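Work through the exercises below with the model open. Try each task before reading its solution.

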Amino acid sequence: MSDTPAPLGRISWTDLTVPNATELHEFYTKVTDWTPMPLSMGDYDDYLMLGADGAPQAGVCHARGANSGIPPQWIVYITVSGLDEKLRAVVALGGKIVMPVRHMGTTGRYAMIEDPAGAVCALFETV
C-alpha cells in the first residue's frame, strides 16, 4: 500500500489471501511480470508484488493469523472517511461486516464487508 493515501472513494489497494501465498506469488510473477518482495509476518512471509517501476501493485498473502478466514479472492480496499460510521451504514443498508476493524500498522485501519448482493470488499481509513 502506498504511503500517499488515495482520494476518498477510490480503490487504494488490492490483495489476495490464499492458503499458499508462496506458490501463488510464483504464478503471478510469471503471468504478470510482478516481482515479489517478502513482507515478514513473524514466522512466515506475505508478499508485496512490485511492478516494473518497483512500486507495489498488490499483495499476495497467506490465510494465516489475522488473515485466517478470508476467502481466496481478490479484495479491493476502498478509501473512506469515518470508518465506524460507514460500518453502521453497511449494516443498516442490509450488508454485513465480515471482518471487524483491524489496524494496518501506522497507515490506517480497515474492515471487510459484504454488500447485500454478497460481494466482499474492504473499507480503509487512513489515520
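**Exercise 1. A stacked pair**

Is Trp-34 buried or exposed?

*Solution.* The structure is a predicted model: local features need pLDDT of at least 70, side-chain atom pairs count only at pLDDT 80 or more, and totals for chains, interfaces and linings use all residues. Residues are numbered from 1 along each chain as its sequence is written, and side-chain values use heavy atoms, with hydrogens and water left out.

Step 1. Fix the classes: buried means under 20% relative accessible area, exposed over 50%, partly exposed in between (1.4 Å probe, protein chains only). Trp-34 has 18% relative accessibility, so Trp-34 counts as buried.

Step 2. Turn to Tyr-28. Its relative accessibility is 17%, so Tyr-28 is buried too.

Step 3. Set the ring rule: rings of Phe, Tyr and Trp (its six-membered ring) pair if their centres lie within 6.5 Å; planes under 30 degrees apart are stacked, over 60 edge-to-face, the rest tilted. This rule yields 5 aromatic pairs. One of them is Tyr-28 with Trp-34, a stacked pair with 6.1 Å centre to centre and 25° between the planes.

Step 4. Extend the picture. Ring pairs join Phe-27, Tyr-28, Trp-34 and Trp-74 into a cluster.

**Exercise 2. The residue before Trp-34**

Determine where Asp-33 lies and what its backbone does.

*Solution.* Step 1. Helices (H or I, at least four residues) and strands (E, at least two) are DSSP runs, numbered from the N terminus. Asp-33 belongs to the loop between helix H1 (21-32) and strand E2 (35-40).

Step 2. Its phi is near 65°, a positive value in a residue other than glycine.

Step 3. Its relative accessible area is 63%, so Asp-33 is exposed.

**Exercise 3. The sheet**

In what order do the strands of the open sheet run?

*Solution.* Step 1. Two strands pair if DSSP finds at least two bridges between them. The open sheet has 8 strands, in the order E2-E3-E4-E1-E5-E8-E7-E6, and its pairing is mixed.

Step 2. Find the edges. E2 and strand E6 (96-104) each have a single partner strand, so one side of each lacks a neighbour in the sheet.

Step 3. Get the twist. Axes are lines fitted to C-alpha atoms, for helices over the stretch in contact, and angles run from 0 to 180 degrees between N-to-C directions. Direction ignored, neighbouring strands of this sheet are turned by 25° against each other on average.

Step 4. Check the pairings. Strand E1 (residues 11-18) and E5 are antiparallel over 5 bridges, with Asp-15 opposite Ile-75 in E5. E5 and E8 are parallel over 3 bridges. E7 and E8 are antiparallel over 7 bridges.

Step 5. Look at the turn. E7 and E8 form a hairpin with 5 residues between them, and Gly-118 in the turn has a positive phi of about 100°.

**Exercise 4. A tyrosine pair across strands**

Which parts of the chain does the pair of Tyr-77 and Tyr-110 tie together?

*Solution.* Step 1. Read the geometry. Tyr-77 and Tyr-110 are edge-to-face, at 5.5 Å centre to centre and 65° between the planes.

Step 2. Place the rings. Tyr-77 is in strand E5 (residues 74-79) and Tyr-110 in strand E7 (residues 108-114), so the pair ties together parts that are 33 residues apart in sequence. Both Tyr-77 and Tyr-110 are buried.

Step 3. Find their partners in E8. Ala-122 is the bridge partner of Tyr-77, and Phe-124 stands opposite Tyr-110.

**Exercise 5. The cores**

Which elements give two or more residues to the largest nonpolar core?

*Solution.* Step 1. A nonpolar core is a set of buried Ala, Val, Leu, Ile, Met, Phe, Trp, Tyr and Cys residues joined through side-chain atoms within 4.5 Å. The largest has 12 residues, including Trp-13, Ile-75, Tyr-77, Tyr-110, Ala-122 and Phe-124.

Step 2. Sort by element. Strand E3 (45-50), E5, E7 and E8 each give two or more residues to this core. E8 supplies the largest share, 3 residues.

Step 3. Check E8 itself. Of its 7 residues, 6 are buried.

Step 4. Look for another core. A second, separate one has 9 residues, among them Val-18, Trp-34, Tyr-47 and Met-49.

**Exercise 6. A loop residue**

Is Asn-67 buried or exposed?

*Solution.* Step 1. Asn-67 lies in the loop between strand E4 (56-62) and E5.

Step 2. Its relative accessible area is 12%, so Asn-67 is buried.

Step 3. List the contacts (heavy atoms within 4.5 Å). Not counting residues up to four places away in sequence, Asn-67 touches Thr-17, Asp-46, Cys-61, His-62 and Arg-102.
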